[in-house]
Amino acid sequence: MKKTRSTAIVLAAGQGKRMNSSVRKQYLLIKDKPVLYYSLKAFEESDIDDIVLVVGEGEEAQVQRDILDSYGFCKVRAVICGGRERYHSVAYGIRSISWECDYIFIHDGARPFLDQETIIRAFDGVRQSAACVVGMPVKDTIKIADENGFVESTPNRSRIWQIQTPQVFERQLIAAAYEKLLAGEKKILAEGIVITDDAMVVEYFMNRPVKLVPGSYKNIKITTPEDLKIAEALV
């Protein structure tokens with residue numbers, strides 16, 4: 001039986017403006033190691049075959065030297081420059097995969113606490129449904145606000161999930177979805193549609209259901225200085 005192959009696209013091209021730091025958040029240190037190190041380590045130690053690392057313009061050589069070579073990451077097959085928006089970076093990452101690949105994992109490099117159990121559940125999910133996202137049920141009550149800042153409605157909390165990464169898809173499915181996104185980019189921007197994650201691209205352009213797979217409440221994204229303090233405690 002032919003072995004399936006998978007590639008992880010790790011996104012590390014974000015500006016991280018909410019960190020109020022001159023250093024991009026993916027390069028800030030948690031216990032003497034960059035935030036990005038932890039995401040790469042999770043995939044390095046998993047059954048993922050290859051990694052594409054997407055970084056900011058002009059950062060390729062520095063990342064290769066200071067992170068990949070320094071820590072001995074062997075699965076990173078390509079280091080490429082990201083785009084203006086997150087979805088551009090994902091699209092470029094998909095296009096860069098010139099090797100055999102059946103499934104694509106898309107993960108934010110600013111989520112350092114990805115564990116092996118979550119990766120395994122995501123693997124199982126994509127094999128069953130062709131498209132899955134990692135997330136967790138919300139703990140808090142959620143309110144929908146109107147344009148004046150008043151409560152418009154209170155959705156049923158039992159059906160609301162906070163979405164994380166990785167988000168995992170059959171290669172052909174996610175590649176086709178992103179090509180449609182890039183081709184129709186002007187139209188969706190004119191309509192005020194904001195692309196916030198990869199599942200949305202598949203939902204909108206391919207009209208395909210996306211399976212929800214349990215992640216971990218520890219799988220936080222480093223966005224603000226407070227998140228960095230939480231990360232230090234978790235490590």
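These are legends for several close-up views of a predicted model.

**View 1. Tyr37 and its aromatic partners.**
Start with the ring of Tyr37, which belongs to a single aromatic cluster along with Tyr38, Tyr71 and Phe73. A pair of aromatic rings is described by the distance of the centres and the angle of the planes. The model has 7 aromatic pairs. One of them joins Tyr37 and Tyr71: their centres are 4.8 Å apart and their planes meet at 55°, a tilted arrangement. The two partners come from distant parts of the chain, with Tyr37 in helix α1 (residues 35–44) and Tyr71, 34 residues away, in helix α2 (residues 60–71). Tyr37 is buried, because its relative accessible area of 11% falls under the 20% cut-off. Tyr71, at 31%, is partly exposed.

**View 2. Tyr37 again, now with Phe73 and Lys33.**
Tyr37 also pairs with Phe73, and this pair is tilted too, with 5.7 Å from centre to centre and 50° between the planes. Phe73 sits in the loop between α2 and β5 (76–81) while Tyr37 is in α1, so the pair ties together parts that are 36 residues apart in sequence. Phe73 is buried, with a relative accessibility of 11%. There is a charged neighbour to look at as well: Lys33 lies over the face of the Tyr37 ring, 5.6 Å from the ring centre.

**View 3. Lys139 over a tyrosine ring.**
What lies over the face of Tyr217? It's Lys139, at 4.1 Å from the centre of the ring.

**View 4. Backbone angles worth a second look.**
Most residues other than glycine have a negative phi, and most peptide bonds are trans. Here are some exceptions. The peptide bond leading from Thr165 into Pro166 is cis, with omega near 15°, and Pro166 is part of strand β10 (residues 161–170). Lys31 has a positive phi, near 55°, without being a glycine. Look for Lys31 in the loop between β2 (29–30) and β3 (33–34), where it is partly exposed at 46% relative accessibility. Ala130 isn't a glycine either, yet its phi is positive at about 75°. Ala130 is in the loop between α4 (116–129) and β7 (131–137). Is Ala130 buried or exposed? With 7% relative accessibility, Ala130 is buried.

**View 5. The open sheet, strand by strand.**
Reading across the sheet, the order of its 7 strands is β5-β4-β1-β6-β10-β7-β11, and the pairing is mixed. At the edges are β5 and β11 (211–214), each pairing on one side only. On average, neighbouring strands here are turned by 25° against each other, direction ignored. Strands of a sheet pair through backbone hydrogen bonds, either parallel or antiparallel. For strand β6 (residues 103–108) and β10 the sense is antiparallel, over 4 bridges. Zoom in and you'll find Ile106 standing opposite Gln167 of β10.

**View 6. Helices lying across the strands.**
Which strands does α2 lie across? They are β4 (50–55) and β5, and α2 runs at about 145° to β5. Helix α5 (residues 171–183) lies across β6, β7 and β10, with an angle of about 110° to β10.

**View 7. Val133 and its surroundings.**
Val133 is a residue of strand β7, and it's buried, with a relative accessible area of 3%. Its C-alpha atom is 7.2 Å from that of Ile163, although the two residues are 30 apart along the chain. If you skip the neighbours within four places in sequence, Val133 is in contact with Ile163, Pro166 and Gln167, and also with Ala199, Val210, Lys211, Leu212 and Val213. Pro166 in that list is the residue on the far end of the cis bond from Thr165.

**View 8. The two sides of helix α8.**
In α8 (residues 225–234), the buried residues are Asp227, Leu228 and Ala231. They span an arc of only 100° around the axis, which means they are on the same side of α8. Glu226, Lys229 and Ala233 are exposed on the other side of the helix. And what do the buried residues of α8 pack against? Their partners are β2 and α1, and α1 is also the helix that holds Tyr37.

Methods:
Residues are numbered from 1 along each chain as its sequence is written. This is a predicted model: local features need pLDDT of at least 70, side-chain atom pairs count only at pLDDT 80 or more; totals for chains, interfaces and linings use all residues. Side-chain values use heavy atoms; hydrogens and water are left out. Rings of Phe, Tyr and Trp (its six-membered ring) pair if their centres lie within 6.5 Å; planes under 30 degrees apart count as stacked, over 60 as edge-to-face and the rest as tilted. Buried means under 20% relative accessible area, exposed over 50%, partly exposed in between (1.4 Å probe, protein chains only). A charge sits over a ring if NZ of Lys or CZ of Arg is within 6 Å of the ring centre and within 35 degrees of the ring normal. Two strands pair if DSSP finds at least two bridges between them. Axes are lines fitted to C-alpha atoms, for helices over the stretch in contact, and angles run from 0 to 180 degrees between N-to-C directions. Contact means heavy atoms within 4.5 Å. The arc is that of the directions from the helix axis to the C-beta atoms.
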